[in-house]
Amino acid sequence: MGGSWVSTGSQAARFGRYAFRRHFYQHAGFRIARTLDDSQDPPVALMPIINTEDQEFTIKLADVDAHMTPSTNTQLQQEKAVYLCRQLLMEFNTQGDNYFQTLLSACLETMQRHGSEFNKALDIGCGCGSMTFELSNHFQKIIGTDICGQFIDAAEKLRQNGCLSYHQTCDDSPIAKQPKLNCNSHTNGDTHMVQAKVACKFDQTKIGFKQFTWLPNELADFDLVIQRSLHRVQNKKAWLLRLGDIIVPTGLVIIVCTDDWTERDIMPTVNGRLKLVETTKMQYKEDGEEKSALLTAWKKA
């Protein structure tokens, strides 16, 4: 039912009709799911490379132990409720921090220095959209994307209503114990309602939020692209390769570097597509501490 790595997703449709070569192992990269009840015999048909007939194969369940294996997909872990709580608090309910405001000002000033137009912008790694809403007051069209579905759902509700009530949770998670969650007055597991509210006025029609785990062809012709999610994705190169393809000739790409990915690491990946035009060290405040981030600005090569 559309489980192959080559599937488009439409194979799950009841009208989908697909045929593949018999020797093409559709699920070569997948583990076979099986029952642990030895009273059943789950039939699994394996397609041999040489023979043309299917061979019936039965998994023997004798002396089989079940083992739980934690997922290595760190991106999927961001779908936990505590991550959403942290993100909303960080973007809308944390006093004194100015990361998003400082980044916004730095991006706008960089665009002005390089003479870019203010028509269309793309915010990659938009989280719950606080900076995307601010950007909408400077551009005719702004799209915010994120790999996390619950972040995008929250951003869309904020776009529609301007505010969002959510449960602030305190638990044993290391993330929930951070000071920015203001949980010191609650016991483990307690919750209370908090409201996230968009601070600026904005036009709903100018803003769009989409969940993407890659940069599809429908994203194109941007005057500004902000890539600020390198610290949250596993395959950083995949998120850098197409940046030069989705901006206009006078467009600008601003990449927020991480400790392990500076402009020297980015250069080999984007070489031939983008050229480095500016590097800026941004100072901001987070959790009451002074911190810094490296911003790199790129144009079409």
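Three short exercises on this predicted model follow, each with a worked solution.

Residues are numbered from 1 along each chain as its sequence is written. Local features need pLDDT of at least 70 and side-chain atom pairs pLDDT 80 or more, while totals for chains, interfaces and linings use all residues.

**Exercise 1. Find where confidence is lowest and highest in the chain.**

Step 1. Take the average: pLDDT (the predictor's confidence in each residue, from 0 to 100) has a mean of 79 over the chain. Of the residues, 71% score at least 70.
Step 2. Go to the extremes. Strand E1 (residues 43–46) is lowest, with a mean of 48. Strand E3 (residues 120–124) is highest, at 98.
Step 3. Residues 22–32 stay under 50. Where pLDDT is low, coordinates should not be read in detail.

**Exercise 2. State how many disulfides the structure holds, and examine Cys 126 and Cys 148.**

Step 1. Apply the cut-off: a disulfide is a pair of cysteine sulfur atoms within 2.5 Å. The structure holds 0.
Step 2. Check Cys 126. Its nearest cysteine sulfur, that of Cys 128, is 8.0 Å away.
Step 3. Check Cys 148. Its sulfur lies 7.7 Å from that of Cys 128, too far for a bond.
Step 4. Check exposure. Buried means under 20% relative accessible area (1.4 Å probe, protein chains only). Cys 126 is buried at 0%, and Cys 148 is buried at 1%.

**Exercise 3. Identify which helix gives the most to the lining of the largest pocket.**

Step 1. Helices are DSSP runs (H or I, at least four residues), numbered from the N terminus.
Step 2. Helices H1 (81–92), H2 (99–113) and H3 (130–135) are among the elements that each supply at least two lining residues.
Step 3. H1 gives the most, with 6 residues.

Note on methods:
Heavy atoms only, no water. Contact = heavy atoms within 4.5 Å. Buried < 20%, exposed > 50% of the residue type's maximum accessible area, 1.4 Å probe, protein only.
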